[in-house]
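Trainee: I would like a close look at one proline and the loop that holds it, and then at how that part fits into the rest of the chain.

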Amino acid sequence: MISPCDIAIAFSTLVLFGATNAEITNVSTESESNAKDLLRIPMHKVSDHEYVNRFLIKEREALMAVHNIEASLTSPRNLRGNEHTYSLLEGNNESEIIKDYANAQYYGVVKVGTPAQEFQVIYDTGSSNLWIPEVGCVHCGYKIIHGGKNKYDSKASDTFVEDGSEFSIQYGSGAVSGVFAQDTVVLADDIAVENQKFATIHDAGGMGIAYAFSYFDGILGLGFDSISVGGAETVFHNAIDQGKVETPMFAFYLGDNADGELTFGGYDDDKFVGDELTWVPLSDATYWRIDMDAIKIGLFSVGPTDAIVDSGTSLIIGPSTDILAIALEIGAKPTLTGQYTIDCEKVEDIPEITWTIGGKKYAIPGKDLVIQSTGMCIFAMMGMDFPKPGPQWILGDVFMRKYYTVFDYEEKRIGFAEAV
């Protein structure tokens with residue numbers, strides 16, 4: 001999935017509280033949410049200003065390496081990688097998909113071990129493993145950049161259980177590798193998932209230099225077990241099995257440079273407009289994947305197609321030919337890194353984009369398709385081609401900021417409603 005020096009941080013809130021595929025239905029939320037039971041921990045959002053700075057850094061790097069671009073584009077790559085990753089690995093490596101995390105915008109706290117060691121992680125619906133760097137990890141940041149990465153010390157945990165089996169995920173610039181372990185994983189202060197299998201990373205070189213500049217230490221995957229490297233059950237699945245959450249749901253309310261929240265075990269009906277969610281069945285319970293009827297912006301339209309709903313991707317991702325057509329439609333220009341920029345004076349003229357899902361239209365105003373700072377405007381849609389069984393589209397944070405999104409693990413469906 002694609003999701004990431006002057007720094008500005010806006011704060012969000014990560015909230016934790018503890019149904020066969022169905023046809024699309026509207027249901028009352030009155031009995032399914034209980035805001036007073038929510039447990040809250042802080043969650044950070046990378047500012048648009050920093051996102052633009054990282055974009056400029058990547059552009060400079062691409063310009064310096066321009067003579068190597070042709071060779072890079074023609075070499076085999078894995079789908080989880082940089083902007084030019086195309087092939088999809090199969091079998092146990094199928095979770096190696098869709099993003100480099102350099103542009104990820106949202107991250108929050110998880111605690112591992114006894115006594116608890118604290119880490120900043122991306123809560124990612126587009127993957128299924130939990131991994132964090134371990135003491136002695138190489139290519140794991142520098143003290144002079146944000147104080148370095150937090151690193152897991154197994155010797156300091158009374159609940160650590162050695163596993164030792166190898167773990168590796170392939171990114172665009174190389175592999176992230178380590179070994180599996182087991183320990184207690186705590187979400188907020190009350191949801192303690194015992195004997196959770198996770199990966200401790202001893203070499204994060206595959207994340208590239210952008211990892212050093214990012215604020216997150218690791219990844220906490222919220223996909224399904226079927227795409228988990230090493231067959232490890234996900235943290236959320238284990239939380240369900242251990243009775244740590246009331247209902248097998250979690251939901252995202254993403255703040256747009258404002259407070260937001262993620263809930264486990266239910267959802268908060270104060271965070272969306274109206275009294276109902278619209279439920280959409282999953283077409284494939286590996287990633288959170290749904291069918292779409294159509295997409296329309298200006299004179300461009302396409303459909304039927306499909307998409308992954310992905311909290312770990314900042315942008316909207318689509319087939320490169322479709323994104324190029326949309327860019328031409330609105331006057332955006334390509335860059336060396338595969339993204340597009342647009343004249344900031346034309347932002348108000350960008351037409352809204354409409355996604356038709358299960359017969360219902362979900363619109364995003366054109367101005368919300370732009371990440372803007374210091375006089376630069378980056379178009380928040382990007383082209384990438386995934387061969388089957390990969391997705392056609394990825395609905396990332398740009399979509400999820402507009403629509404409160406509920407993930408129902410047991411019923412294998414997603415609920416949408418306009419966010420407040």
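Trainee: At what relative accessibility does P351 stand, and what does P351 count as?

Mentor: P351 has 28% relative accessibility and counts as partly exposed; buried means under 20% relative accessible area, exposed over 50%, and partly exposed lies in between, with a 1.4 Å probe and protein chains only. Because this is a predicted model, local features need pLDDT of at least 70 and side-chain atom pairs count only at pLDDT 80 or more, while totals for chains, interfaces and linings use all residues. Residues are numbered from 1 along each chain as its sequence is written, and side-chain values use heavy atoms, with hydrogens and water left out.

P351 lies in the loop between β21 and β22. Helices (H or I, at least four residues) and strands (E, at least two) are DSSP runs, numbered from the N terminus. Leaving aside residues up to four places away in sequence, P351 touches I297, G298, I330 and G366, where a contact means heavy atoms within 4.5 Å. The C-alpha atoms of P351 and K296 are separated by 9.7 Å, with the two positions 55 residues apart along the chain.

The loop also holds one half of a disulfide, defined as a pair of cysteine sulfur atoms within 2.5 Å. C344 and C377 form this bond, with their sulfur atoms 2.1 Å apart. Since the torsion about the S-S bond is about 120 degrees, the disulfide of C344 and C377 is right-handed. The pair links distant parts of the chain: C344 sits in the loop between β21 and β22 (353-357), C377 sits in strand β25, and 33 residues separate them. C344 is partly exposed at 23% relative accessibility, whereas C377 is buried at 2%.

Strands β21 and β25 belong to an open sheet of 4 strands in the order β20-β21-β25-β24, with antiparallel pairing. The edges are β20 (333-334) and β24 (370-373); each has a single partner strand, so one side of each is left without a neighbour in the sheet. Two strands pair if DSSP finds at least two bridges between them. Residues 340-341 (β21) and residues 376-379 (β25) pair in the antiparallel sense over 2 bridges. Y340 has F379 in β25 as its bridge partner.

One of the contacts of P351, I330, leads to another part of the fold. Residues 320-330 form helix α5.

The sheet under that helix is open and has 6 strands, ordered β14-β15-β18-β27-β19-β26, with mixed pairing. Here β14 (284-285) and β26 (381-383) stand at the edges with a single partner strand each, so one side of each has no neighbour in the sheet. Helix α5 packs on the sheet and touches β19 (316-318), β26 and β27 (393-395). The direction of α5 makes about 135 degrees with that of β26; axes are lines fitted to C-alpha atoms, for helices over the stretch in contact, and angles run from 0 to 180 degrees between N-to-C directions. Further along the sheet, strand β15 (residues 288-292) pairs with strand β18 (residues 305-309) in the antiparallel sense over 4 bridges. I290 stands opposite A307 in β18.

For the rest of the chain, the other disulfide joins C137 to C140, with an S to S distance of 1.8 Å. C137 is buried at a relative accessible area of 10%, and C140 is buried at 2%. The count comes to 2 disulfides, in the pattern 1-2, 3-4 when bonded cysteines are counted along the chain.

C137 falls within the range of strand β6 (residues 130-138), which is joined to β10 by 2 bridges and runs antiparallel to it. The bridge partner of W131 in β10 is I219. Strand β10 also pairs with strand β5 (residues 117-124), in the parallel sense, over 4 bridges, and Y123 stands opposite L220. In β10 (residues 218-221), G218 and L220 point one way and I219 and G221 the other, and all are buried.

As a whole, the protein has 6 helices and 29 strands, and buried residues make up 56% of its 420 residues. Its mean pLDDT is 80, and 74% of its residues reach 70 or more; pLDDT is the predictor's confidence in each residue, from 0 to 100. Over residues 1-33 the pLDDT is below 50, although this stretch has 161 contacts in the model beyond near neighbours in sequence. Residues 69-99 are also below 50, with 101 such contacts.
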